[in-house]
Amino acid sequence: MSKSQFKNQNAAAIFGVLLTVLSVICLNSADAQIGACYGTLGNNLPSPTELLALCNQHNIRRIRIYNPNPSILEALNRNPNISVIVGVPNEEIQGIANNPALAKSWVQNHILKYRNVNFRYIAVGNEISPLDGASSSIAPSVAPAMQNIHNALSETTLGRKVKVSTALSMGVLAKSYPPSAGAFIVAPTFINPIVQFLVRTNGPFLINVYPYFAYTSDTTNIRLDYALFTSNSAVVTDGGYQYRSLFDAMVDAVHAALEKAGGANVEVVVTESGWPSAGGTATTVKNAQIYNSNLIKSVKNGTPKKPGKEIETYVFDLIDENQKSPELEKHWGIFLANKQPKYPLSFV
């Protein structure tokens with residue numbers, strides 16, 4: 001082999017390696033851990049096909065929906081590049097918990113029917129709590145319903161791919177300050193079985209995290225810059241951890257609570273977080289942009305307790321929902337109903 005041939009082959013080999021590395025980088029960018037919640041309580045919303053086209057245009061590759069909406073699932077069937085968390089409505093949980101056959105039917109009709117949909121998780125219920133009057137009666141049924149949906153999935157080819165969990169609110173924490181003191185409410189028939197199930201199945205702990213509501217509930221003691229990720233220095237010091245953002249403190253309180261409940265290795269996924277642009281205290285388009293932009297940047301770096309571990313996170317909301325109430329609830333969208341961005345926001 002001549003020297004020139006050897007050099008050419010070496011150059012080709014090096015170029016090939018570079019291409020592979022660049023491909024991996026591009027794939028990782030495309031599979032970013034940031035998604036958006038797709039609510040449907042509006043009478044002026046674009047069609048699911050139009051909204052998914054909007055997602056593709058803006059590099060939103062993950063969405064969360066709150067029920068198995070057939071129109072959205074049909075649109076997702078044509079867009080397998082977008083993964084989805086699909087919810088089991090709260091009102092269906094007790095029936096599924098009490099009847100394994102109903103769980104099988106639910107999986108057949110809402111999951112297996114859509115062969116090309118890229119299902120990521122099934123969230124059995126949203127923000128159910130034994131302390132909430134509206135959902136307290138459902139709380140003991142959540143873990144059994146999760147188990148029955150999991151069992152139904154396990155009989156299919158999706159058994160190992162699609163994880164089952166439930167999306168909870170920060171209200172399930174009895175204590176969250178300082179973050180290391182994070183602990184769940186005492187609810188032996190609710191939290192404990194959920195955490196144990198997630199440990200057994202290697203499923204994620206889904207939690208809705210809203211610094212906005214924490215801030216507005218105590219504006220005297222919680223600084224706006226701490227809530228918006230804009231503090232230039234640590235606001236809270238907790239042992240060896242320093243917190244410049246309320247979001248990080250809240251997520252690490254969840255990590256601490258999971259450790260105490262025997263779920264130290266359970267991954268935390270933030271299934272809702274955002275900031276409204278109108279309708280309440282500190283609600284401006286600028287603050288919404290600042291919060292969501294910083295949220296997307298921050299979760300890529302993890303938290304002080306788990307630095308470098310990206311947090312899968314879903315921005316709430318994809319689009320303004322004009323049929324929600326009170327007024328504040330209508331203004332969480334990153335897009336307006338006419339499909340125009342409310343403000344510049346990068347999901348890359």
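Visitor: Which residue is the bridge partner of Tyr 121 in strand 5?
Guide: That partner is Lys 163. Please keep in mind that this is a predicted model.

Visitor: How do you know that strand 4 and strand 5 count as a pair?
Guide: Pairing asks for at least two bridges. Strand 4 and strand 5 (residues 163-169) are joined by four bridges, so they qualify. The two strands run parallel.

Visitor: What makes strand 3 and strand 4 a pair?
Guide: The rule is again at least two bridges, and six join these strands, so they are paired. Strand 3 and strand 4 run parallel. One place to look is Ile 85, whose bridge partner in strand 4 is Tyr 121. Tyr 121 also has Lys 163 as its partner in strand 5.

Visitor: Let's turn to helix 3. Which of its residues are buried?
Guide: In helix 3 (residues 70-77), the buried residues are Ile 72, Leu 73, Ala 75, Leu 76 and Asn 77. They are called buried because each has under 20% relative accessible area.

Visitor: What do the buried residues of helix 3 pack against?
Guide: They pack against helix 2 (48-57), helix 5 (100-112) and three strands: strand 2 (62-65), strand 3 (83-88) and strand 4 (118-126).

Visitor: What makes the approach of Asn 69 to Ser 71 a polar contact?
Guide: At the start of helix 3, a side-chain oxygen of Asn 69 comes to within 3.0 Å of the backbone nitrogen of Ser 71. The cut-off for an N or O pair is 3.5 Å, so this distance meets it.

Visitor: Why is Asn 292 called buried?
Guide: Its relative accessibility is 0%, and buried means under 20%, so the name fits. Asn 292 sits in helix 11 (residues 285-298).

Visitor: Which residues is Asn 292 in contact with, leaving aside its neighbours within four places in sequence?
Guide: They are Ser 273, Gly 274, Trp 275, Val 315, Ile 334, Tyr 343 and Leu 345. Each counts as a contact because it has heavy atoms within 4.5 Å of Asn 292.

Visitor: Now the hollow spaces. Why is the one lined by His 255 called a cavity?
Guide: A cavity is a space where a 1.4 Å probe fits but cannot get out, which means it is closed to that probe. The structure holds one cavity of 30 Å³ or more, and about 70 Å³ of space lies in the largest cavity.

Visitor: What makes four residues of the lining of the largest cavity charged?
Guide: Glu and Lys count as charged, so Glu 267, Lys 306, Lys 309 and Glu 310 make up that group. Val 266, Val 268 and Ile 311 are the three nonpolar residues, and His 255 is the polar one.

Visitor: Which residues lie nearest the centre of the largest pocket?
Guide: Leu 41, Tyr 66, Asn 67, Asn 126 and Glu 272 do, out of 23 lining residues. The pocket has a volume of about 520 Å³. Strand 4 gives the largest share of its lining, three residues.

Visitor: What lies nearest the centre of the second largest pocket?
Guide: Here you meet Tyr 121 and Lys 163 again, along with Arg 120, Pro 204 and Glu 267. This pocket has a volume of about 350 Å³. Strand 4 supplies the largest share of its lining, four residues, and helix 7 (191-201) supplies at least two. By class, the lining has eight nonpolar, eight polar and seven charged residues.

Notes:
Residues are numbered from 1 along each chain as its sequence is written. This is a predicted model: local features need pLDDT of at least 70, side-chain atom pairs count only at pLDDT 80 or more; totals for chains, interfaces and linings use all residues. Side-chain values use heavy atoms; hydrogens and water are left out. On a 1 Å grid over the protein atoms alone, a cavity is a set of points where a 1.4 Å probe fits but cannot get out, and a pocket is an open set with protein on both sides within 12 Å along at least five of seven lines; lining residues have an atom within 4 Å of a point. Grid points are joined across faces, edges and corners, and a volume is the space filled by probe spheres set on the points. Buried means under 20% relative accessible area, exposed over 50%, partly exposed in between (1.4 Å probe, protein chains only). A polar contact is a pair of N or O atoms within 3.5 Å; within protein, one must be able to donate a hydrogen and the other to accept it, and residues adjacent in sequence count only if both atoms are side-chain atoms.
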